[in-house]
Each structure stands twice: as C-alpha cells, then as structure tokens.
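Let's take a walk through this model, starting with how far to trust it and then moving on to where its parts meet.

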Amino acid sequence: MNKNLRTRGIVIAIITIGCLVILFGPWNKQKGYARSASDFFSPSKLKQNLGENIRLGLDLKGGTHLVMQVQADEAITAMTNNNVQKGKDDLTKDGIKFTGVKAAAPGQIVVETPDTAEHDKIREKFFTFMPSDGWDYSTSGNSVTFKLTNRYANQIRKDATEQAKAIIEQRINQFGVAEPTVQLRGREEDHQILLQMPGVDNPDRVKDLLKTDARLEIRAANAQKFDTVEQANAALAGDTNKEVLPYREKKADGTSDTGFYIVDKLPVIDGSDLREARGIPNQQGFGFYVAFSLKPGGSEKFGTWTENNIGNYLAVVLNGEIRSVAVVRNKITDSGQIEGNFTQQQAEDLGLVLRSGALPAKITYIEERTVGPSLGADSIRQGIFASVVGLGLVILFMLFYYKMSGINAVVALALNLLILLAGLVLFSATLTLPGIAGVILLIGMAVDSNVLIFERIREELRAGKIVSSAVDTGFNKALVTIIDTHVTTIVSSAFLYIFGTGPVRGFAVTLTIGLLANLFTAVYVSRSMFMWVLSRGGRKSETISI
Amino acid sequence: MIEIFKSANYDFLGKKWFFIGLSWVLILAGLASVLYRSFDGKDHTNAFNMGVDFAGGTLATVKFRSAPDSNTLRQALEKQGVEGSKIIIQPVTDEIGQAPKNEILVRLPNEVKVERQQGQSETGAKALNDADIGKQKILAAISSFDDPSTNGKVDVNKIGSDKLKFELIEKAKLDQQSAEEAARAIVDYREKTRAGLIGDINEVKNINGVPPQIADSLGKDFFAGFASVKSAEAVSPQVGADLRNSAIVVTLVSCIAMLAFVAFRFKSWGFGIGAVIAVFHDVLVTLGIFSIMQWEINLTVVAALLTLVGYSMNDTIVIFDRIREMMRTKRREGLEKLSNEAINQTLSRTIITSGLTFLTVCAMLVFGGEVLKSFSWCLFIGILIGTYSSIYIASPFMLLWESWRATARTEKTVSQSRVASSVPGDNDSLTATSAGITPQMLAAAGISTSPRKLRKKGK
C-alpha cells in the first residue's frame, strides 16, 4: 500500500513539474537567445516565458484574417487566348491555309479552314504546344474545334490557385509581416486562400498590395503618338499583329503626358524575365521611379532585340497601359526603368509586386476579420475574470458541500487546468475566445467527475460499508461512468476536428486535451489523495470528511 | 454530511407523457416562431437572426470619443448608401469599474454583389466585389463626424503602423528608421494606453519615441479622428452559406458518431437512440428560443451548441450507466422501474453538476463581455434543457424503443416456442425480454443468459 502510494506520489510530482516546466520554460525564444538559469527562477522572466509560450489566436492577440478567392476561370480564358494567338502565328509561319482562328468560349478554340485536307496539319500544329490529352479534337464541315477537357480545366484552375498562393506568400514575406500563415482553404473547387497576419492592425496596405495586378511588358512601339483612340485605330488599319494602347506618363518633374500609341501585340520581354525591381528616388525633382533588371534569358532576348532595333521605339507597358515610350539608342542588355512621379510607398510596392511576378488570375476578398489589439486585450481580461469568478464559486461550493474532500476536488481541478495549458503549449494549439469559453466549461466537467465519485462514496457509506472499502468501491463504480462520458465526448470532438473549421476546431482541441487531463486528475490524482488521507489514519480510520 | 436529497424517490417516468408533450409544445413554439418570422414580411426579423458569419455582411466595433446617438450614426451610414432599416446599432455595455467605453457595434447587411450561374450552388457563386465594402462605408461614415478643417490631413486613429510610417516620411520628412519607430510608438500608445482611440493629436507629440522636431508637422498634417474601428468582420454571402452548411454537417455527423458509440458501448440501439433523441431535442428547443428571442446565431454559438450537446450527452450517459449497472443485480424488476430508480439515485449528482456548471455560465454571462454574450445565453438555456432532457426525454425514448423491440421479439419467440420444445433456462431470457432487457444488454452488463453457455459451464 505504502509503496504503491509512493509510486503514485512520484508520478503526480513528475507530471506536475513537467507541466510547469513546459508552461514556464524559456522555449519560445528567438534564435540565438542565450538561456540562463535566471530564465527559470526570476518571476518576471517566468511571466514573460508564459506569455511567449501560450499561442493566442487572432481574436485575442489582434490581427487580420483574410480569405480570398482566386477567379480561376480567368486563367482558362487567358490560356485560351494565348493559344489562339500562338496557333495563328504558327499556322501563318508554316503556310497552312486557314481563314480564322478564334476563341469561341473560354476553353474552346475554333479554326476555320477552306480546305479539309489541312485538318490533320492544323491538329498536329496545335498539339505541338497544347497537350493532346487536355483538349478534345473534333471537326465539322470546314472548321476544326479544340475543346478543353474538364479534367485539364480543373488542373489549370488548381494550378492557378497554387501559383497565386505562392505569389501571395512571396509578396507577404517581402512586405515583412511577422509570422504570416498562407494556406489553401476549403474544398479544392473553391479556389480559396487563407491569409492570417497576427499583429497587422490595419490591413489596407497589404490588401492593395496583394491584389495589385502587375503585368510588366516591353513592346515595340510605332513612333507616332495619337491624341484620340479613333485616330490611332485608323492608323492601325486592321493590322492583327499590333494594337492600340493608352499612354499615360507621369514625368519626374511633375508634368504628365497622355495619348495613344500603336504597339506590337507580342512583348519583347515580360514580367517573367525580371530579376529585380526597386523604387529609386528621382535625381531631379520629387518622387520615385522603379528600376528593374533582367534574368540572364531575358537580358539575352532584350539585348538581341535592342541591337537590331536601334533608332526604333519601345514602350514600357504596365497592366495594359503604356507608362513610357523611348527610342532605343544602343544595345540594352539587362536593365530598364519605369519612369514616373511615384510616392515612395507606390514605388516600393510596385517594385515588390513586380519582383513576385504577376498573379495568374484576379483575386477577390471574400472574408475579412480584423481585431485591434486593444479589443483582444479586453476579451482576454473579461474571459479570465469570468473564469476566475466561475472557478471561485465552484471551489466555495465544493469546500462547503464536501468539506475536507472538497480540497481533493480543488487540487484535482487546479492540476487539470495546469495540464490543459501545458497541453496547449505542447501541441502548439492556439487559444481562441471560444477556447477560453471551452476552458470555463471544462471546469464544470472536471467538477462533474469529482461529484460523481464523491456521491458514489457517500452512497456506499450510507449502505454501511467501512470507509476504505467505500472509497474503493465508489471509485471503481464511478470510473466506468467517467470513462464512458469522457470517451463519448472525445469521439464527438474528433469528428468536430475532422469536419469543423476555424473556431469549432480550436474548441475541439481544447476540449479533448482538457478531457484527457480530467481523466487523469479525477481518477488518479483524486484517488491517490484519498489513499494518502486514509493511510495516515492507519487501518483504523473510521470517519472521512465528505 | 450536507445532502440535497436524503433518499430521493420520485416517480419521474410515470409522468413521461406529460413531459414529452411539454417538449413538443416547446419545439412547436420554436417552429411557429420560425414560420411566423419567415413570412411576416418584416425586414428586421428573420426565422433566425443569423450573424455575419452565416448571413454575410459587416460587423464592426467602433470606438468614439463620445458616443453619438444612434440616429445621427444611422443617418451618417445612410449617406453612404446603406439601407437605413437594415442597419443594426447597438452600444457596448460598459464594464463595472472601468472607464466608459463609448463603443458601438454596427452591423450592416450584405453589400457584396454575387453572380450565380444557373445550376450553381449558393456556395459556388462568384463575388463581384470585395467583402470589405461594408467596412469602407463605415469608415467613411464615421469620418463625417470629424471637423471639416481636418480635410486632407492624416487621421492617426484610422491608420495602420506601416501606412503611418510612409506618411511620416512623406509629410514629416523623417528618415526610414525613425519613421518606423515613431509609427510603432504611436500605434502602441493608441492601442495599449488609450484603448484604441487617441483623444487629441497633441498627445502624440509627447509619446516616447516620437522625435520632437516633427511636432509642427504633426499639428499641421495629422489629426486625431473622432472615431476608430476597433474590430471588423466582413463576410461575403457565399462564404456565409458555406460556413452555415459546414456547421450543420458537423453537428449532424457528431450526433451520428455519438449514436453509434453509445449503441456500441451499451450493446443496444435503444440507449443510443434515446441519447441522440435527447440531444436533438436540446438543439431544437434552443434554436427555437433563439428564433423567438431573435438572438444572434454565429460561429461561436455553434461552438456553444456543440458544447451543450456534449453536456446533455454526459448527463444522459451517467443515468444510462446506472441503469446498466443495476441490471446486473436487479434485472427482474423491469426496465422501467430500474430506470426510474437510476434517475433517483443519480439525482443529487445531476443537480450539483448542472448547478455548478450553471454558476460558471452565469459568471460568463455577467463578466464575459459582449463577444461571449450569445455564447453564454446559448449555454444558459442549454444546461437547463440538457438536464431536463436527460431525465424526461432520453430514458423514456430508450424505454419506448426497448419495449417495442421486446414486443416484436416476444411475438417471434412465442411463435418459435410453439414449434420447438422449451429449453431449460429459456424462461429466464423470456422474462428478461418481456421486461425490455435483452440478452445482449445483460451480456454487456456481464451476465450470461445463453443456455448454451450454461451447458458448457456444466461440462
């Protein structure tokens, strides 16, 4: 008996100390932090450690929770249009007869040809740059139709979402948000991305930054500037390789210039050729411009093109708008600039967005939750205060109703909360507002186990059993019930975790850890305390305060 | 020994039809409210008062220097093109012993336009604008409370630290590093010392970390606005529908899981069905009361509903466990009598546990603050209903199922026994089944009734 009791005492002591160490130890420090003995013993350091160890959710800490939807169908439209353009170019180049290539719908390309003998050649040509298992090929009369298969369309949408996620991740990291979380969210066909930024109190700038579409292109331009789009279109005279784009340049001296230019449809280089882009202050005047440099492949292309086009014009096009037009004076290999009178913020943001590449499709914000740190602090204070009041009432009742045995329950309860918090730290679970509510409710559940046991012991005493055997039987009988209730709740928490989202999930984690802790404290710790009390009285103990 | 019940012996199950009837009344009252409120044509009442989590829309906590009356605020919002009758304005109650908060909860209806193609599900629709459209309108509306002379200046109350950094570089001509430090210091001061709202721009000049040379610029280019948004939730309708569907699925799935688990543990569908009917009953009654009172249902309330499901289940299992235990010793008494005795024996435990949990929920309701309010109400009702249902709903339905099964089984056994000669020991199982206790349940309770097993033991 005594040996058994000692073992129990040691187990409980180890777990208690272990939990205290997990909870108050200096674990969550920055890299390179030198731990010293004072980290374990100075009260202020311990408090600081505790604050760092418990991960608070955004609703308590303050921060931004953003869900965005990638308009993935746009990726399909863009890809279809690219293939139409490429097909047209290739057919012309190889002298295959056709009268028209058009995108009949997103994911559907129709080629008209006067000669059915060309059908096979057209198919072969298109399938050199389009995957043949991704497009269904059919002919009717003189026309050839390529239709995107559903499977491939879904693949493209999925890729677009993944790519958007990678770009968002890159932009967020470069922006310097601390500990951001970027992940895909919901079902695959939803194309949603979740972004959480703790501590970002006002997400306006981040939001603008993420959405910014930055398609940078350098294209060959005609020298002449037109004042109206009609004039420009007239001069274009239906040339399918060129198009008219609006021109708006903000010069470094503060003046601006607008109009229209005729430019090539295909760019010489585009955003994917960029290696670096930065905001740089203008030499004269105010404001900033953006300087960029090119990757090796891009600079080769650009170098060759400029060498062959000295004296011709080139246009810097950003999102379909010409930002500047310049004459090529000599061979340019690896750098260029977007001139303008940007503010520092605009220039830095544009540089950042250009560096991360263009989004494959537009994104829309479909959910936004921001919590200011002061509100989170209010919630913590109120939640903790409510817990303390609730706990106090419970303790008072237990001591009043069960007398000395009530102390048992209180110790078990305290240990239960300690293990719960340590469990949260150990599994790096996040404590959220519903989580705090879950803690308050666990207090109720923990008390329930003790009440069950005590009532059982009382019943046995009433039935005339001697104290030690009443305690034994009481515990054994209550144990079955306690295990049944706890396991049922754990089973349902498991399903909450699997099928739930957000707060429901956090709630399930808190509940499960708490229930496991409760099983231990109610069954093992409380019983050991009874055993200890009884062993002190020796074999003769005939009364028990319950 | 202080005792609530010396020796409880109430006839709970004798009145089961009365209480089952009462529960129907509660459920039908809730249903009536749901139907009435869906068809009464009033805009401000709905079947359920769905929070922004499920209905879409915007919910913001706005802090004012001094709270305006709700009509002025409503008019300011109407000027931004929000339909006035659909705006909900609710002042946040002050905490005892704390400075007045001057905070107002503003809720706007959904302003996001959604494009839904034919055959597309509600959740698959495409949002045409960003979810924060409502938040922008609230920001614009509260800016109208500012003095017109502040036009064009930067409001230190409505700005994040990184945007403030750039404004300090542009306007106050600070260099990168000191601008960053100053912006941090100002936002920290606003959030930690001033609870989210700086009263006067002159306070900013004295903050530690703000360089003194920018005092002029602060007075000229910056100001402290009359109000700030402390928190905002903006949800597009299709996300709301998605969250709502997944909340329903999660509740159903976890109920089914519990049904299966309880049936498995007690080796009888009757116990599982009794427990799950009780749980459904609790959810229905609570939702009905939420509809009648028009309390808001949001994601936190769903967490509370799940908690009350857990509680009710806990209560029920304690009683069922006792019934199972008593079947070992007193199986000849009949299941109904046993159940009633079990309820009585666990009565003090039921009252103490529910009472204590109820106390903690009351503490939450009083001290837990605005955010936990609907959560606390849900549990407040849920604990009352859950305790009631584990006594008056779970056991009666378990009994109904078992006696229905027993009649079916007896008929079968009787018709069989006419053909086959009676086996010694068969009487035993017959009496047990007619009382509603099946051999499987007895086996679960550790009692063997099978004549074959008896014979084996005999060998």
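First, a term we need: pLDDT is the predictor's confidence in each residue, on a scale from 0 to 100. What you have here is a predicted model, so that number matters for reading it. For chain B, the mean pLDDT comes to 82, with 88% of the residues at 70 or more. There are weak stretches, though. Residues 421–434 of chain B have pLDDT below 50, and the model gives this stretch 22 contacts beyond near neighbours in sequence. Residues 449–459 of chain B also stay under 50, with 12 contacts beyond four places in sequence. Where pLDDT is low, the predicted coordinates shouldn't be read in detail, so take those contacts lightly. As for the complex, the predictor assigns an ipTM of 0.78 and a pTM of 0.78.

Now to the place where the two chains meet. How many residues does each chain bring to the contact? Chain A puts in 67 and chain B puts in 68. On the chain A side, the elements that each supply at least two residues include strand S2 (63–70), helix H8 (204–211), strand S18 (363–371) and helix H12 (373–426). Helices H13 (433–462), H14 (467–499) and H15 (502–536) of chain A are also among them. The largest share, 15 residues, comes from H12(A). Sorted by class, the side of chain A that touches chain B has 32 nonpolar, 23 polar and 12 charged residues.

Strands get involved across the chains too. S18(A) pairs with strand S9 (residues 227–235) of chain B in the antiparallel sense, over five bridges. If you want one pair to look at, take Glu367(A), whose bridge partner in S9(B) is Val235(B).

Next, a helix pair inside chain B. The axes of H10 (residues 269–293) and H11 (residues 299–329) of chain B come within 9 Å and cross at roughly 145 degrees, and the crossing is right-handed. Among the residues making this contact are Phe271(B), Ala275(B) and Val279(B) of H10(B), along with Leu305(B), Met313(B) and Phe320(B) of H11(B). By class, the contact of these two helices has 11 nonpolar, three polar and one charged residues.

Last stop: Arg151(A), in helix H7 (residues 150–175) of chain A. Is Arg151(A) buried or exposed? Arg151(A) is exposed, because just 10 other C-beta atoms lie within 10 Å, and the cut-off for exposed is 12 or fewer. The C-alpha atoms of Arg151(A) and Asn83(A) are separated by 18 Å, with the two residues 68 apart along the chain.

Key:
Residues are numbered from 1 along each chain as its sequence is written. Chains are lettered from A and ligands numbered from 1 in the order in which they are written. This is a predicted model: local features need pLDDT of at least 70, side-chain atom pairs count only at pLDDT 80 or more; totals for chains, interfaces and linings use all residues. Two residues are in contact if their C-beta atoms, placed from the backbone, lie within 7 Å. Helices (H or I, at least four residues) and strands (E, at least two) are DSSP runs, numbered from the N terminus. Ala, Val, Leu, Ile, Met, Phe, Trp, Tyr, Cys and Pro count as nonpolar, Asp, Glu, Lys and Arg as charged, and the others, Gly among them, as polar. Two strands pair if DSSP finds at least two bridges between them. A residue is buried if 20 or more other C-beta atoms lie within 10 Å of its own, exposed if 12 or fewer, and partly exposed in between; C-beta atoms are placed from the backbone. Axes are lines fitted to C-alpha atoms, for helices over the stretch in contact, and angles run from 0 to 180 degrees between N-to-C directions. A crossing is left-handed if the near helix is turned anticlockwise from the far one by less than a right angle, and right-handed if clockwise.
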